[in-house]
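This report describes one protein chain, moving from its charged pairs to its helices and its nonpolar interior. Please keep the sequence and the structure in view while reading.

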Amino acid sequence: MKALVLPENVRVCSSKSAWWNEDLDHEYIKKSFSENGEEIVLIRDQFSAHKMDSSAQLLEKRNVQQILIPAGMTHKWQPLDVMVNSVFKSLIKVEYHEWRNAHESYTKSGYLKKPSRQEFIGFVSRAWYQISSSLVRKSFVKAEIIDEDQISGPVGEEVVGVPFDEDNDD
């Protein structure tokens, strides 16, 4: 198989079973978070690979605090599930339909040819670039993680919650 060219906003992980597993979780963590980086909060569901001690240790080494959403509550408390995924999937469909309109070719059996893996990665990358930071911020409000008035600062440097006051013991 030809090597894929990955845009900076796309990561590809795969397993023979096509299921996320401990090894993929470790690969994702290592690629996504640098060791001893700034403090980050990662919100994840209760999937078994997310709950592995080895994954927790890798995250801890990278100064990432993992918050696991209770089972059955991702539809309400997982920001991506609440708002972002539906928009993202719609944008990928638009990318596909635009590609399809420009590429009407058929296999020898008469079926429409599918996009290559490289083309699909392009769909994902372009769709993700269209997701606005305000949509992501609003998803945290809708998921009831923060109130609308609790988020401030430039994108990427958000401050959530009430500022720390050293003089206040409350």
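In this predicted model, K31 is partly exposed, with a relative accessible area of 44%. The side chain of K31 meets that of E27 in a salt bridge, with 3.0 Å from N to O. E27 is also partly exposed, because its relative accessibility of 28% falls between the limits of 20% and 50%. Both residues belong to helix α1, where they stand 4 residues apart, about one turn of the helix.

**Salt bridges**

How many salt bridges does the structure hold? There are 6, and the table lists three of them, including the pair just described.

| Salt bridge | N to O distance | Location of the two residues |
|---|---|---|
| K31 and E27 | 3.0 Å | both in helix α1 |
| R44 and D25 | 2.7 Å | R44 in strand β1, D25 in helix α1 |
| E35 and R62 | 3.8 Å | E35 in the loop between α1 and β1, R62 in the loop between α2 and β2 |

The bridge between R44 and D25 brings the side chains of these two residues to 2.7 Å, N to O. Strand β1 covers residues 40-44 and contains R44, while D25 is part of helix α1, so this pair ties together parts that are 19 residues apart in sequence. Are R44 and D25 buried or exposed? Both are buried.

In the bridge between E35 and R62, the closest N and O atoms lie 3.8 Å apart. This pair links distant parts of the chain, as 27 residues separate E35, in the loop between α1 and β1, from R62, in the loop between α2 and β2 (64-68). The two partners can also be described by their accessibility: E35 counts as partly exposed at 44%, whereas R62 is buried, with a relative accessible area of 6%. Through salt bridges that share partners, E35, K61 and R62 are joined into one network.

**Helices α1 and α2**

Two packed helices are described by the angle between their axes and the distance between the axes. Helix α1 spans residues 22-32 and helix α2 spans residues 53-61; they pack at an angle of about 5 degrees, and their axes are 10 Å apart. Angles under 35 degrees count as roughly parallel, which means that α1 is roughly parallel to α2.

Which residues meet where α1 and α2 pack? On the side of α1 they are E22, D25, H26, I29 and K30, and on the side of α2 they are S54, S55, L58 and L59. Sorted by class, this contact has 3 nonpolar, 3 polar and 3 charged residues.

H26 offers a detailed view of this contact. The residue is found in helix α1 and is buried, with a relative accessible area of 15%. When neighbours within four places in sequence are left aside, H26 is in contact with S54, S55 and L58.

**The nonpolar cores**

The largest nonpolar core has 12 residues in all: V10, V84, F88, L91, I92, W99, I121, F123, V124, A127, I131 and L135. Two elements, α4 (79-102) and α5 (117-129), give two or more residues to this core. Of the elements, α4 gives the most, with 5 residues.

V84 is one of the members of this core. Apart from its neighbours within four places in sequence, V84 is in contact with P79, W128, I131, L135, V136 and S139. A second, separate core has 6 residues, among them F33, L42, L58 and V64. L58 has appeared above as well, as one of the α2 residues that meet α1.

**The chain as a whole**

The protein has 6 helices and 4 strands. Read from the N terminus on, its elements run α-β-α-β-α-α-α-α-β-β. Of its 170 residues, 23% count as buried.

How do residues far apart in sequence come together? Among contacts between residues at least 6 apart in sequence, 59% join residues at least 24 apart. One example of separation along the chain is given by E8 and S125, which are 117 residues apart, with their C-alpha atoms separated by 8.5 Å. E8 lies in the segment before α1 and counts as exposed, at 68% relative accessibility.

Technical notes:
Residues numbered from 1 in each chain as written. Predicted model: local features only at pLDDT ≥ 70, side-chain atom pairs only at ≥ 80, totals over all residues. Heavy atoms only, no water. Axes fitted to C-alpha atoms, helices over the stretch in contact; angles between N-to-C directions. Parallel < 35°, antiparallel > 145°, perpendicular 65-115°, else oblique. Contact = heavy atoms within 4.5 Å. Nonpolar A, V, L, I, M, F, W, Y, C, P; charged D, E, K, R; others polar. Core = buried A, V, L, I, M, F, W, Y, C linked by side-chain atoms within 4.5 Å. Buried < 20%, exposed > 50% of the residue type's maximum accessible area, 1.4 Å probe, protein only. Salt bridge = Lys/Arg side-chain N within 4 Å of Asp/Glu carboxyl O.
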